Amino acid sequence: SSDRELGLKELKGRIKSYQEREPTSSNRRMIRKYKVEYHKKYTISAAVLVFVLIGAPLGVRLRKGGIGVSGGLSVFFFLLYWSFLIGGEDLADSGYVSPWLAMWAPNILLGALGLFLVWKEIKPLKNKRIPHNMRQNNHNNSVMKDSALLGKEKMNTSDQAADEERP
């Protein structure tokens, strides 16, 4: 079976097995390789949240762009994430970067971009407030409508009372 098909327990077991051996360059390389696979299992699962953070604000902003723009951006961000992940895997396997950082860097970088995009979409909404005079007018209009309805009800009840008094 390939390393990618191993479960988390098996990966942890192999990492521990190689750590207990003599620290040769071959053993250190295998430890890095298994740690990369271990972290990749979590980072790919967490990537769903990253893509939501990026996709939601872009979807709101690019409503009129059509399927071509949306599809193109989706492919672009997928390829960007994939290239970060593959590049990080190569850097970690060769020992230039720790496996943890190599596998989590794409989520951290693109997640930060996603949070920025969400912030950019929410920021204008915080500044949009209903002016006080408009709220007052809306309130006065509804009060006037309510009092007009009450006046009609009073008129109806007084008309009924007058009708009852007539012989």
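A residue counts as buried under 20% relative accessible area, as exposed over 50%, and as partly exposed in between. The legends below apply these terms to a predicted model.

**Figure 1. Trp 82 is a partly exposed residue of helix 3.** Trp 82 has a relative accessibility of 45%, and it therefore counts as partly exposed. The residue is found in helix 3, which covers residues 66-93. Trp 82 also belongs to a nonpolar patch on the surface, together with Val 75, Phe 78, Leu 79 and Ile 86. The area of this patch is about 470 Å².

**Figure 2. The protein as a whole is built from helices.** The protein has 5 helices and 0 strands. Read from the N terminus, its elements follow the order α-α-α-α-α. The chain has 167 residues, of which 21% count as buried. The protein exposes about 12300 Å², and carbon and sulfur atoms supply 62% of that area. Among the contacts with a separation of 6 or more, 71% are between residues 24 or more positions apart.

**Figure 3. The largest nonpolar core draws on three helices.** This core has 13 residues. The residues with the most contacts inside it are Ile 54, Leu 58, Tyr 81, Met 103 and Leu 110. At least two residues of the core come from each of helix 2, helix 3 and helix 4. Helix 2 gives the most, with 5 residues. Which residues does Leu 110 touch, not counting those up to four places away in sequence? With that exclusion, Leu 110 touches Val 50, Ile 54, Leu 80 and Tyr 81. A second core, separate from this one, has 8 residues, including Leu 6, Leu 11, Ile 15 and Tyr 34.

**Figure 4. Glu 37 is a buried acidic residue of helix 2.** Helix 2 covers residues 25-61, and Glu 37 is found in it. The relative accessible area of Glu 37 is 7%, which means that the residue is buried, since the limit for this class is under 20%. Leaving out residues up to four places away in sequence, Glu 37 touches Asp 3, Arg 4, Leu 11 and Glu 89.

**Figure 5. Glu 37, Lys 40 and Glu 89 are linked in a network of salt bridges.** Side chains of opposite charge can pair when their charged atoms come close. In this network, Lys 40 forms a salt bridge with Glu 37, and the closest N and O atoms are 3.3 Å apart. Lys 40 and Glu 37 lie 3 residues apart in helix 2, so about one helical turn separates them. Lys 40 is buried, because its relative accessible area is 10%. The side chain of Lys 40 also meets that of Glu 89 in a salt bridge, with a distance of 3.0 Å from N to O. Because Lys 40 lies in helix 2 and Glu 89 in helix 3, this pair ties together parts that are 49 residues apart in sequence. Are Lys 40 and Glu 89 buried or exposed? Both Lys 40 and Glu 89 are buried.

**Figure 6. Arg 61 and Glu 121 form a salt bridge between helix 2 and helix 4****.** The closest N and O atoms of Arg 61 and Glu 121 are 2.7 Å apart. Arg 61 lies in helix 2 and Glu 121 in helix 4, and the pair links distant parts of the chain, 60 residues apart. How many salt bridges does the count come to? The count comes to 3 salt bridges.

**Figure 7. Phe 116 and Trp 119 form an aromatic pair in helix 4****.** The count of aromatic pairs comes to 4. In the pair of Phe 116 and Trp 119, the ring centres are 6.0 Å apart and the planes are at 35 degrees, so the pair is tilted. Planes under 30 degrees apart would count as stacked, and planes over 60 as edge-to-face. Phe 116 and Trp 119 both lie in helix 4, which covers residues 99-127, and they are 3 residues apart, about one turn of the helix. Phe 116 has a relative accessible area of 43%, so it is partly exposed. Trp 119 is partly exposed because its relative accessible area is 45%.

Note on methods:
Residues are numbered from 1 along each chain as its sequence is written. This is a predicted model: local features need pLDDT of at least 70, side-chain atom pairs count only at pLDDT 80 or more; totals for chains, interfaces and linings use all residues. Side-chain values use heavy atoms; hydrogens and water are left out. Patches are made of residues with over 30% relative accessible area and no salt bridge: like charges are joined within 9 Å, nonpolar side chains (Val, Leu, Ile, Met, Phe, Trp, Tyr) within 5 Å. Accessible areas come from the Shrake-Rupley method with a 1.4 Å probe; for residues, only the protein chains shown count as cover. A salt bridge is a side-chain nitrogen of Lys or Arg within 4 Å of a carboxyl oxygen of Asp or Glu. Helices (H or I, at least four residues) and strands (E, at least two) are DSSP runs, numbered from the N terminus. Buried means under 20% relative accessible area, exposed over 50%, partly exposed in between (1.4 Å probe, protein chains only). Contact means heavy atoms within 4.5 Å. Rings of Phe, Tyr and Trp (its six-membered ring) pair if their centres lie within 6.5 Å; planes under 30 degrees apart count as stacked, over 60 as edge-to-face and the rest as tilted. A nonpolar core is a set of buried Ala, Val, Leu, Ile, Met, Phe, Trp, Tyr and Cys residues joined through side-chain atoms within 4.5 Å.
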